[in-house]
Structures are given as structure tokens and as C-alpha cells.
Amino acid sequence: MSRLKNRFIQARRLILDLGASHIKLLLLAGTASRPRVIDYRLIDFHEEGLISSDEVNYQLRQVLDEYGDEPLTLVVPEHLTVSRIVDLPKLPRKAVAAAIANETFNLAGLGESSIVYDYSAIQPQGSYRHPYWVTLAQENEILGQVRRIGSAEENLVRVVPPSNALMSTFFDQQADIEQAVLVDIGATNSVVVIIEGGQGIHSVSFPIGAERFTEAIATEQGLSFEEAESIKRSQHPFQRLDEFPGLVRAVDYWLYELERLLTDWFAPIPQERLAFPTLKVLLSGGELVQPGLLPYLREKSVLDFQPWQVPSDAPSSFPISRYAVAYGAGISSLKQLPQCISLLPPYLKRTQEKAKRVMLMNWAALLSFILGIGVLIYATSQKRQLVAEKEALLKETKSALQEIRKIDELYRQKELEHAKISPLINAQQETANTLKMIPLLQAIRKQFDVWFLLFADKRSYFQGTTFPSGLNPTNQSLVARTNRLNKASSRQQGFITEVAIPGEAKSSLETRGAIVSALQEKELFQNVDALPAEQRITNWLDKNFVLSERTYTLQLQIDNTSTPAPKPLDATAIPTGEDEAESDDDQANPTSKMDNATD
């Protein structure tokens with residue numbers, strides 16, 4: 001998993017440029033918009049004393065192990081590859097791959113299974129209407145280079161030739177230039193890339209490089225190759241060319257081959273477009289570290305030789321001229337640039353695609369996990385918010401309940417106070433009714449020839465006494481007694497009168513009826529009627545004053561619809577304790593007074 005992570009997720013690339021006399025390593029990191037140079041390293045076979053290929057490969061693998069599992073881009077020698085523009089008819093996108101494969105077979109002249117290739121669409125150029133930049137190589141040649149890195153091939157993500165790497169460096173740094181030539185001087189070969197219309201249209205290499213310059217010194221001075229190489233590095237012969245005529249001839253021959261290649265390429269182009277004096281040549285390679293070479297080339301040729309500029313995000317000491325190929329291979333791995341290709345062997349492509357699928361599945365699982373965590377966090381926060389709201393509501397409810405209990409307690413106390421004074425109120429009402437009754441009965445006495453033997457309230461009449469019952473100062477007895485009195489008052493509110501009507505029985509009955517009718521017309525009464533004989537109390541009057549069959553008992557029901565009946569009291573609503581007991585004791589006498597007043 002760590003290898004997959006390093007390979008596809010982290011923006012880091014290790015570039016390995018396999019040369020004939022040097023191996024260059026470059027580590028880039030950063031965002032796709034601007035990679036940064038982290039580290040660079042040069043393995044010089046001459047300085048390291050590496051002679052055989054086995055020694056070189058062993059040293060290479062040791063160095064790669066030091067960098068760990070960094071995603072790796074491999075630069076293979078240019079002479080192992082072929083790059084061409086293939087112009088196809090207008091085809092559907094799905095048919096392009098098959099057409100490219102057929103053209104690749106024609107270019108290689110070998111079976112399709114023995115070559116590897118890649119392609120990239122480019123803009124129409126000259127006579128090309130639907131051009132594609134195609135790069136191919138024999139598969140066994142690429143595999144031979146891959147096997148040199150040993151187990152590090154597991155980290156291999158791209159394989160590119162120097163020509164495509166130089167184009168990537170150009171597109172990254174000089175994208176505004178329409179026409180240029182890119183030249184890299186290697187140990188045994190020089191790579192040439194022609195830029196026309198802002199895109200690569202031709203690449204070629206010729207077998208003259210830095211070692212030819214060293215051999216010229218060795219031949220002229222009669223020295224070994226190693227001795228001549230030491231002189232070239234230490235004595236700066238390009239600044240003393242008059243002492244090294246053989247070196248001058250070698251450099252002039254290299255320049256002649258370069259100009260010949262350019263002349264052959266530009267020959268079909270109209271003469272006015274062949275502008276050698278203004279044609280910019282971006283030169284790279286390890287030989288440029290030799291003082292005096294670049295000024296000599298500028299003096300001898302009409303071409304405008306220029307070195308590469310150090311990238312803005314690289315150290316100022318970064319030798320871009322030596323690492324121009326490696327830098328282009330690296331940035332083309334980190335960002336999308338035109339004409340990016342890769343000659344990765346098929347089995348590594350399949351491994352890479354499988355790893356990408358696994359990586360995508362891992363990303364999907366990670367995103368699902370993150371999404372689930374996010375949903376869980378959101379749900380938890382919502383639940384906490386709901387819990388907090390419920391706690392706040394519960395707190396408010398408890399507070400409201402306490403207020404309700406206080407209000408209920410006040411209401412009960414009010415009811416208790418009302419219950420204590422309700423007998424007095426009832427007694428006052430009965431007294432008022434009694435006072436109203438006296439003038440009415442007096443009017444009846446004047447209107448009819450009758451006299452009244454008895455006038456009493458119903459409660460006293462039916463109890464047979466006007467004396468109040470004993471008082472109990474406790475709350476329970478007060479409540480029971482108050483409720484009993486209120487109930488009796490609501491049931492027996494009214495008066496009883498016994499009237500004696502002289503005369504014949506018939507006339508006395510008529511008089512009684514007239515009296516009943518006269519009283520019923522009064523608003524004070526709800527009903528006036530004779531009291532049944534079985535309900536009469538006979539021990540109130542002395543029989544000597546009673547006229548047999550001429551004495552009638554009337555019950556006068558007071559109209560109490562405007563006065564609601566008192567509510568029964570709850571004994572639990574009345575506070576208990578020593579203070580309340582003392583209060584009850586203090587209220588005992590007033591209650592007795594109210595009862596007496598009522599009676």
C-alpha cells in the first residue's frame with residue numbers, strides 16, 4: 001500500500017537518466033503547476049572507477065535503494081527509439097488507436113508483439129491535417145534498460161526518450177517561442193529536436209558526443225582516454241584551442257553535422273523561412289560545463305546558441321544544462337504537457353493499471369469512510385443539540401411546574417380563606433333575605449285577615465334548634481363542617497312560615513292560595529308552596545295557639561341563581577404545621593361568631 005501511495009498520490013518523482021558515461025538522478029516534488037527540485041546527483045563512471053556494466057548496474061541499484069520507493073521515471077538512450085509524425089485521415093476516436101498500431105507496424109517492420117509505442121495528437125502543421133506524434137522502440141531493448149534497475153522496476157511509472165524529455169522542458173520554460181532547436185550533447189550521441197509552430201515536429205540523433213572531443217585530445221597528445229579526460233576537465237582546453245587543434249577539428253565536425261541536419265530538414269521550406277541567424281538553439285549536456293565551448297560555437301556558427309535558464313523553483317546552483325533531459329522527464333510525469341509519451345513495457349502497464357484501480361478503490365473507500373464519519377459527526381452534533389434543547393425544555397417545564405405549584409398553593413390558600421368567610425357571607429345573605437321578608441309578610445298581614453304563628457329559616461326549622469353545633473379547631477373538622485354547612489345552605493336556603501287563617505275551611509284555603517300567588521309574584525322567591533304534612537315540625541308551637549285545620553305551613557324558596565354554591569374544599573389544600581395550627585386556633589372564635597350570626 002505504501003508503494004501505491006508513493007506512486008500515485010504523492011507529487012514526487014525520481015528521474016533516472018541512463019547515459020553512456022554518466023548516470024543522472026533528479027528528485028522533483030511539489031504541485032503540478034510548479035514542481036520543485038529536491039535533490040540531484042551525478043554518477044561519473046570515470047570518477048567512480050566503474051568499468052564493467054555489472055559494476056555500473058550494481059552501483060545504480062545501491063543508489064536507487066537509498067531513495068527508497070519513490071515513483072521512478074526512466075530516460076532511455078535516444079538511439080533505441082524512433083519518433084515520427086504520422087498523418088491519419090479523419091477518423092473516429094476509437095479507430096485512431098488501431099490506425100496508429102498499423103502505422104507503427106509499418107515503421108518498425110517487426111511484429112507488433114516485439115515493439116512498444118505511444119502517441120500524442122498534435123496541431124495541424126504544414127501538409128499534416130490530422131498529425132500524431134508517435135514514438136516506438138523494440139520491446140527487448142526497453143526491457144534491457146529496465147532490468148538494469150533491478151527490483152526498482154516495481155516503482156517504474158514512465159519510460160521516455162531524451163527527445164521527448166527535451167520537448168517537455170521547452171514547453172515548461174519556452175512555450176511562447178514558435179521556432180527553436182533543442183540540442184543535447186551526450187557522451188556518444190547528440191540529440192536534436194526541431195520545434196516548429198510551438199510543437200515538436202522532428203527528432204534525430206547523430207553519433208558524435210563529448211567522448212569524441214576527449215578522443216581527439218588523446219589522439220593528438222598521445223594519451224590514454226582517461227588521461228585526456230582528466231586534461232579536458234582540469235585544464236579547460238576550450239579556452240586554449242590553439243594548443244589543441246585536434247579538439248578544434250572535432251568540435252567543428254560536430255557543428256558541421258548539426259548544421260547539415262538542420263539544412264536537410266529546412267531545405268524543402270521556402271528560403272525566406274530559413275532564418276539560421278535568428279534560429280534559437282537551446283543547448284544542454286555535460287560538455288557545457290567546459291568554459292569556452294559556448295562562446296566558440298557562437299563565434300563559428302550563425303546559429304543563436306543559448307543555454308537553458310535555471311527554473312525559478314530550483315536552487316540557483318542547479319546545473320540545468322546538465323539536467324535538462326532529466327528535468328523534462330520529471331515535469332512531464334507531474335503535470336500535463338503536450339506530446340507526453342511513455343514507452344512503459346506492457347506488463348508494467350498492466351501492473352500500473354491494476355494498481356490504479358486498487359488506488360481508486362482505496363480512495364473510494366477512504367472517501368466513504370470520511371463521508372460516514374462526517375455524517376456521524378453531524379448526526380452526533382444534531383443529537384447533542386436536540387438533547388440540549390430537551391434539557392432546556394425540561395428545565396423550563398420544571399420551572400413552569402414550580403410556578404404552577406406556587407399558583408396552585410396560592411389558589412388553595414385563597415379557597416381556604418374563602419371557605420373560612422363563606423359561612424359569614426351566607427349568613428349575611430340570609431340576614432338580608434330575612435330583612436326583605438319582614439316587610440313582605442307585613443304587607444300580606446295587612447292585605448289578608450291572617451296572622452303568622454312562626455317564621456324561621458329552613459335549616460333552623462328542620463334541625464329543631466337555633467343553637468350552633470360544637471366547634472373543632474382542627475383543619476379536618478373545619479373543612480368537613482364548612483362543606484356540610486355550605487351543602488346544607490345550598491339545599492335548605494329559604495324560609496318556613498306557619499300562618500293561621502280564620503274562617504271557613506273553604507274560604508281559608510282560598511285565602512292561602514291567594515297568599516301563595518301574591519308571594520310568588522315577588523322577585524325574591526323562586527317558589528312558594530305548602531309544606532307536606534309529613535315534613536312539618538310540630539314541636540315549635542304551643543298547641544293552644546294553633547287553630548286546627550286553619551293553620552298552614554308554607555315553604556318559601558329563595559331565588560339564589562345569582563349566587564353560586566360554594567365549592568367543596570380539599571383537606572389536603574390546607575397547610576398543616578404548628579403555624580397553621582396556631583392560625584386555626586386564632587380563627588376559632590370568629591368562626592363561632594359567624595355560626596351564631598347565621599343561626
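This report covers the overall make-up, one sheet, a surface patch and the salt bridges of a predicted model.

**Overall make-up**

The chain has 599 residues, and 44% of them are buried. It contains 16 helices and 17 strands. About 32000 Å² of the chain is exposed, with carbon and sulfur atoms supplying 53% of that area. Contacts reach far along the sequence: of those between residues at least 6 apart, 73% join residues at least 24 apart.

**The five-stranded sheet**

Five strands form an open sheet in the order S3-S2-S1-S4-S8. The pairing is mixed. Strand S3 (34-44) and strand S8 (156-160) are the edges, each pairing on one side only. On average, neighbouring strands are turned by 20 degrees against each other, direction ignored.

Strand S2 (residues 22-31) runs antiparallel to S3, and 10 bridges join the two. Across this pair, Leu25 stands opposite Arg41 in S3. Helix H11 (residues 320-334) packs on the sheet. H11 touches strand S1 (12-18), S2, S3, strand S4 (72-75) and S8. The direction of H11 makes about 40 degrees with that of S2.

**Salt bridges**

The structure holds 11 salt bridges. Three of the pairs are tabulated here.

| Pair | Closest N to O | Relative accessibility |
|---|---|---|
| Glu66 and Arg41 | 2.8 Å | Glu66 55%, Arg41 29% |
| Glu243 and Arg240 | 2.6 Å | Glu243 42%, Arg240 28% |
| Arg536 and Glu498 | 3.9 Å | Arg536 30%, Glu498 2% |

Arg41 is thus a salt-bridge partner of Glu66 as well as the residue opposite Leu25. Glu66 lies in helix H3 (residues 53-67) and Arg41 in strand S3, so their bridge ties together parts that are 25 residues apart in sequence. Glu66 counts as exposed, while Arg41 counts as partly exposed.

Both Glu243 and Arg240 are partly exposed.

Arg536 sits in the loop between strand S16 (525-530) and strand S17 (551-558), and Glu498 in strand S15 (residues 494-500), so this pair links parts that are 38 residues apart in sequence. Arg536 is partly exposed. Glu498 is buried, because its relative accessible area is 2% and buried means under 20%.

Elsewhere, Glu229, Lys232 and Glu287 are joined into one network by salt bridges that share partners.

**A nonpolar surface patch**

Trp363, Leu366, Leu367, Phe369, Ile370, Ile373, Leu376 and Ile377 form a nonpolar patch on the surface. Together they have about 780 Å² of accessible area. Leu366 belongs to helix H12 (residues 346-447). Leu366 is partly exposed, at 39% relative accessible area.

Note on methods
Residues numbered from 1 in each chain as written. Predicted model: local features only at pLDDT ≥ 70, side-chain atom pairs only at ≥ 80, totals over all residues. Heavy atoms only, no water. Pairing = 2+ DSSP bridges. Helix = DSSP H or I, 4+ residues; strand = E, 2+ residues; numbered from the N terminus. Axes fitted to C-alpha atoms, helices over the stretch in contact; angles between N-to-C directions. Contact = heavy atoms within 4.5 Å. Patch = residues over 30% accessible without salt bridge, like charges linked within 9 Å, V, L, I, M, F, W, Y side chains within 5 Å. Areas by Shrake-Rupley, 256 points an atom, 1.4 Å probe, with all protein chains shown as cover. Salt bridge = Lys/Arg side-chain N within 4 Å of Asp/Glu carboxyl O. Buried < 20%, exposed > 50% of the residue type's maximum accessible area, 1.4 Å probe, protein only.
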